[in-house]
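User: I've got a model open and I'd like to learn how to read it feature by feature. Can you walk me through it?

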Amino acid sequence: MAAEEPAEVLTIDGHEVRVTHPEKLYFSRGVRLTKLELVQYYLSVAPGALVGIRDRPIVLKRFVHGAEGEPFYQKRAPEKRPPWLRTVTLSFPSGRTAEEIVVDNAAGLAWIVNLGCIELHPHAVSTGDLDHPEELRIDLDPGPGVEWGDVRRVAMEAKALLDELGLRGWPKTSGSRGMHVNVRIHPRWTFTEVRRAALAFSREIERRAPSLATSKWWKEERRGVFLDYNQNAKDRTTCSAYSVRPLPDARVSTPLEWREIPDCDPAAFTVYTVPARLASLGDPHAAMDDAPGSLDALLELAARDEAAGLGDAPWPPHFRKMEGEASRVAPSRAKGGGVKKSAAKKAARTKMPLITVANSPNKRAALEGLERWKARHAEAARHLAVDDVLVDSMRGRSSTWTRIRVNLRHVPEQERPPQETPDPDEDPTREWREWWAGQKKKAAEDEGS
């Protein structure tokens with residue numbers, strides 16, 4: 001008879017929660033943190049963490065091998081779950097549905113952390129209305145080489161604009177290099193309308209701070225801090241307040257007062273410092289649900305942009321093509337077919353000389369491949385600026401993988417290395433793309449026969 005796996009049984013809110021393999025190290029490169037210690041951290045900040053996830057369906061981003069391992073996304077609730085844990089059925093742009101977990105209390109929080117959920121990823125809707133978000137999400141994502149001071153300056157620009165619009169923003173560190181500003185709204189608008197408002201907000205910040213901020217979707221066009229409007233599309237989630245991030249120092253996405261932003265340091269907020277901060281200062285976002293606002297002013301701004309000729313911006317790749325959306329093709333891959341010759345020539349002149357150097361489900365392996373490419377092409381690498389290396393986190397059906405591209409724009413044309421077979425070359429979507437291309441080819445042949 002197999003031995004029972006080691007476990008620690010906790011009694012929380014009158015419910016028993018088994019923490020399996022409690023001594024398993026979940027962080028080991030910087031700090032050393034066990035699974036049980038991670039659960040204990042979340043229990044210590046549960047009053048704050050539940051503000052962001054209570055009554056919301058949540059995607060399980062599971063790091064079953066700890067913070068240093070590769071995570072996978074699990075939308076569907078595990079079949080084996082406590083009877084006291086709620087679920088709700090969501091529909092997605094693909095047409096699929098999934099029964100997702102809803103966490104309402106500290107016991108549920110501990111239960112999902114035991115599954116390996118280092119981060120918390122709630123949707124922007126509550127269970128009472130799954131079609132109308134209650135939150136506008138402003139995601140400030142700095143590009144390579146962007147200083148933390150620039151992120152703070154863009155955050156303060158965001159606050160000024162929100163004040164003008166009559167909206168209240170609730171800022172927090174992302175737990176990595178960026179910041180999030182969440183805005184509670186009345187659940188009157190669809191996901192499409194909320195995303196449209198977010199796009200208008202991003203473009204207005206770009207106009208006000210063009211040297212610091214960008215609303216451009218394609219990485220090769222970005223400069224500075226990207227305001228990711230697509231975080232408001234249906235099926236997108238971001239880590240919520242008090243989430244631990246899988247960084248060596250176990251950094252935490254931490255709610256802030258606006259007055260703290262000019263001097264805050266994201267490295268100061270970790271699993272070791274945030275519980276004491278919450279206990280002594282309270283939760284800066286405690287009153288978040290008391291101040292929902294209206295998107296009317298932002299949607300008026302969106303209408304003015306559209307009247308001035310600014311159409312929709314690209315959607316995430318797994319969404320169907322939307323009405324009014326421009327071609328969903330990166331500028332570096334755009335072709336001149338179907339446009340006037342002058343436009344095609346202009347596109348050719350501005351086309352980015354991008355090459356792919358690594359594809360892998362393992363980010364560390366991809367970065368090692370980049371270093372090998374730099375060693376092979378040392379002269380070309382010498383010309384690269386910080387933001388010429390594009391590290392893309394690509395989302396598959398249930399997991400992420402890393403693609404690394406190099407922009408050769410600063411390398412003299414005669415010295416530019418050609419596109420080689422990426423090293424490593426482990427694109428997990430290739431098999432599906434090849435199958436789909438074969439299906440389209442077969443359909444075309446059948447139609448022509």
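User: Let's start with the inside. How many residues does the largest nonpolar core have, and which have the most contacts inside it?

Analyst: Keep in mind that this is a predicted model. To read a core, look for buried nonpolar residues that are joined through side-chain atoms within 4.5 Å. Here the largest nonpolar core has 89 residues, and F27, F201, V244 and L298 have the most contacts inside it. Helix α4, residues 148–165, gives the most to this core, with eight residues.

User: Take one of those, then. Which residues does L298 touch?

Analyst: Setting aside residues up to four places away in sequence, L298 touches L136, L165, L167, A197, A200 and F201. There is also another core lying apart from the big one, made of 13 residues, including V357, A358, L384 and V389.

User: What about the whole protein: how many helices and strands are there, and what share of the residues count as buried?

Analyst: You'll find 11 helices and 17 strands. Of the 449 residues, 49% count as buried. The accessible surface comes to about 21,800 Å², and 51% of that belongs to carbon and sulfur atoms. For a feel of how the chain meets itself, take contacts between residues at least 6 apart in sequence: 68% of them join residues at least 24 apart.

User: Now sheets. What is the order of the strands in the open sheet of five?

Analyst: The general idea is that strands of a sheet pair through backbone hydrogen bonds, either parallel or antiparallel. In this open sheet the order is β11-β12-β10-β14-β13, and the pairing is mixed. β11 (170–173) and β13 (213–214) are the edge strands, each pairing on one side only. Further in, β10 (residues 135–142) and β12 (residues 179–184) run antiparallel and share six bridges. To find your place there, look at I138, whose bridge partner in β12 is V181.

User: And hairpins? Where is the positive phi in the one formed by β7 and β8?

Analyst: Find two strands and then look at the turn between them. β7 and β8 form a hairpin with five residues in between, and G95 in the turn has a positive phi of about 95 degrees. Six bridges join β7 (residues 86–91) to β8, and the two run antiparallel. T87 stands opposite I101 in β8. Strand β8 (residues 97–102) also pairs with β5 (residues 57–62), again in the antiparallel sense, over two bridges. On that side, the bridge partner of I58 is I101.

User: Cysteines next. How many disulfides are there?

Analyst: The count comes to zero, going by sulfur atoms within 2.5 Å of each other. As for cover, C117 is buried, with a relative accessible area of 1%, and C239 is buried too, at 4%.

User: Last one: a charged side chain. Is R245 buried or exposed?

Analyst: Compare its relative accessibility with the cut-off: buried means under 20%. R245 is at 17%, so it counts as buried. You'll find R245 in the loop between β14 (225–227) and α6 (274–281).

User: And what does R245 have around it?

Analyst: Leaving aside neighbours within four places in sequence, R245 is in contact with F27, I118, E119, S174, G175, S176, C239, A250 and R251. Zoom in on S174 there: its backbone oxygen lies 2.5 Å from a polar atom of the R245 side chain. You've also met F27 already, among the residues with the most contacts inside the largest core.

Notes. Residues numbered from 1 in each chain as written. Predicted model: local features only at pLDDT ≥ 70, side-chain atom pairs only at ≥ 80, totals over all residues. Heavy atoms only, no water. Buried < 20%, exposed > 50% of the residue type's maximum accessible area, 1.4 Å probe, protein only. Helix = DSSP H or I, 4+ residues; strand = E, 2+ residues; numbered from the N terminus. Contact = heavy atoms within 4.5 Å. Pairing = 2+ DSSP bridges. Polar contact = N/O pair within 3.5 Å; in protein donor to acceptor, adjacent residues only side chain to side chain. Areas by Shrake-Rupley, 256 points an atom, 1.4 Å probe, with all protein chains shown as cover.
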